[in-house]
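The following exercises concern charged side chains and strand pairing, and each is followed by a solution that proceeds step by step.

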Amino acid sequence: GDGGGAAGGGAAASSSAPYHRHVGVQLQHSLGQHLLKNPLVTAAMIEKASIKSTDVVLEIGPGTGNLTLKLLEAAKKVVAVEHDGRMVVELQKRLHGTAEGRRLQLIHADVMKVELPFFNLCVANIPYQISSPLVFKLLAHPQRFRCALLMVQREFAQRLCAKPGDELYCRLSVNTQLLAKVDHLMKVSKNSFRPPPKVDSSVVRIEPRNPPPPVDFVEWDGLVRLCFNRKNKTLGAVFRQKPLLQLLADNLKTHRALVGAMAGGMAGGGGEGSSGGDGGAAPMETGGGGGGGLLAEVGELVEQVLEETGFAEERTAKLDQDDFLRLLAAFNAVGIHFAGC
């Protein structure tokens, strides 16, 4: 997958007539290329983006540049990432020698493989194949941006916005909503694109939480993934499975070894460092040769957490952000970790 030629088509900047030069460019379905040809949708996206004259806008998949031109009218600068070399040529031709062209930075690359520069705002019409990884790439961007307006397939939009108890509520919903506020802005008919895709689309707005939540995302995702593997079972049933307990026991053993090694490294200073080293090493010995003792210990810790949180009879499909945060904190408090699960 890539970010190539996914956006564009729509009204040309200079007139209300659609810009059809890209008719000569054979679109590639493998790249998920569907050019936006409806000027009303382009206009609505621009309006909902609330662009400021000081904004640097990241556009992913500008295609032949209809949305790009509208963005350039409103923003200080546009950084456009395009994977398809033919689209890059079209866009360069179209903006050659114009004042707007000087405020466009065109990056010919796969958006998933390129390091994204600074931006305040992102507007993108993204191919289905990269929707999920791209959302998390944006949310992991070190410089906080104000918001992203993304055109995505309808079902993907519904998953992003789903709430506990909804049929489409899933790991994607929980992870995105931990890191951002997500709103469904509008539905877009498949007939607004050329060639028309098989399904309708939606525009969603994603606003990163600022400051970001004080959570280790790798830990969080490990827990959420395990829970959603069987989202309609009770948490008691999920966490009492022997393979899962074995996984948590292996993780605990690794974690204790690391803590022990770190404490041992500090032990040169004597005092607290050395006692920390002993504390880290001792539980490993109780684990016994085959780790059977450790497995039993993890089983007891899991029961303790389920009892403390009162979640043994709850189902993943009904848990909200706060529930997952409580669950993760309770597991971490007894020394159970999910990084690497």
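**Exercise 1.** Classify Arg205 as buried, partly exposed or exposed from its relative accessibility, and then place Arg205 among its charged partners.

*Solution.* In this predicted model, Arg205 has a relative accessibility of 23% and therefore counts as partly exposed, since that class lies between the limit for buried, under 20%, and the limit for exposed, over 50%. Glu207, at 28% relative accessibility, likewise counts as partly exposed. The side chains of Arg205 and Glu207 meet in a salt bridge, with a distance of 3.5 Å from N to O. The final step is to look beyond this pair: salt bridges with shared partners link Lys181, Asp183, Arg205 and Glu207 into one network.

**Exercise 2.** Determine which parts of the chain the salt bridge between Asp55 and Arg146 ties together, and how covered each partner is.

*Solution.* The structure holds 11 salt bridges, and in the one formed by Asp55 with Arg146 the closest N and O atoms are 2.7 Å apart. Asp55 belongs to the loop between α1 (39-49) and β2 (56-60), whereas Arg146 belongs to the loop between α4 (131-139) and β6, so the pair ties together parts that are 91 residues apart in sequence. As for cover, Asp55 counts as buried because its relative accessibility is 2%, while Arg146, with a relative accessible area of 31%, is partly exposed.

**Exercise 3.** Describe where the salt bridge between Arg159 and Glu155 lies with respect to secondary structure.

*Solution.* The closest N and O atoms of Arg159 and Glu155 are 2.9 Å apart. Both residues lie in helix α5 (residues 154-161), where they are 4 residues apart, about one turn of the helix. Arg159 is partly exposed at a relative accessible area of 27%, and Glu155 also counts as partly exposed, at 41% relative accessibility.

**Exercise 4.** Characterise strand β6 by its cover and by its pairing with β5.

*Solution.* Strand β6 spans residues 147-153 and is mostly covered, with 6 of its 7 residues buried. Strand β5 (residues 121-125) runs parallel to β6 and is joined to β6 by 5 bridges. Within this pairing, Leu121 stands opposite Cys147 in β6.

**Exercise 5.** Identify the residues that form a positive surface patch, and locate Arg315.

*Solution.* The patch is formed by Arg230, Lys233, Arg315 and Lys318. Arg315 is found in the loop between α11 (292-309) and α12 (321-333), and its relative accessibility of 39% is the reason that Arg315 counts as partly exposed.

Conventions:
Residues are numbered from 1 along each chain as its sequence is written. This is a predicted model: local features need pLDDT of at least 70, side-chain atom pairs count only at pLDDT 80 or more; totals for chains, interfaces and linings use all residues. Side-chain values use heavy atoms; hydrogens and water are left out. Patches are made of residues with over 30% relative accessible area and no salt bridge: like charges are joined within 9 Å, nonpolar side chains (Val, Leu, Ile, Met, Phe, Trp, Tyr) within 5 Å. Accessible areas come from the Shrake-Rupley method with a 1.4 Å probe; for residues, only the protein chains shown count as cover. A salt bridge is a side-chain nitrogen of Lys or Arg within 4 Å of a carboxyl oxygen of Asp or Glu. Lys and Arg count as positive and Asp and Glu as negative; His and the chain ends are not counted. The place of a charge is taken as NZ of Lys, CZ of Arg, CG of Asp or CD of Glu. Helices (H or I, at least four residues) and strands (E, at least two) are DSSP runs, numbered from the N terminus. Buried means under 20% relative accessible area, exposed over 50%, partly exposed in between (1.4 Å probe, protein chains only). Two strands pair if DSSP finds at least two bridges between them.
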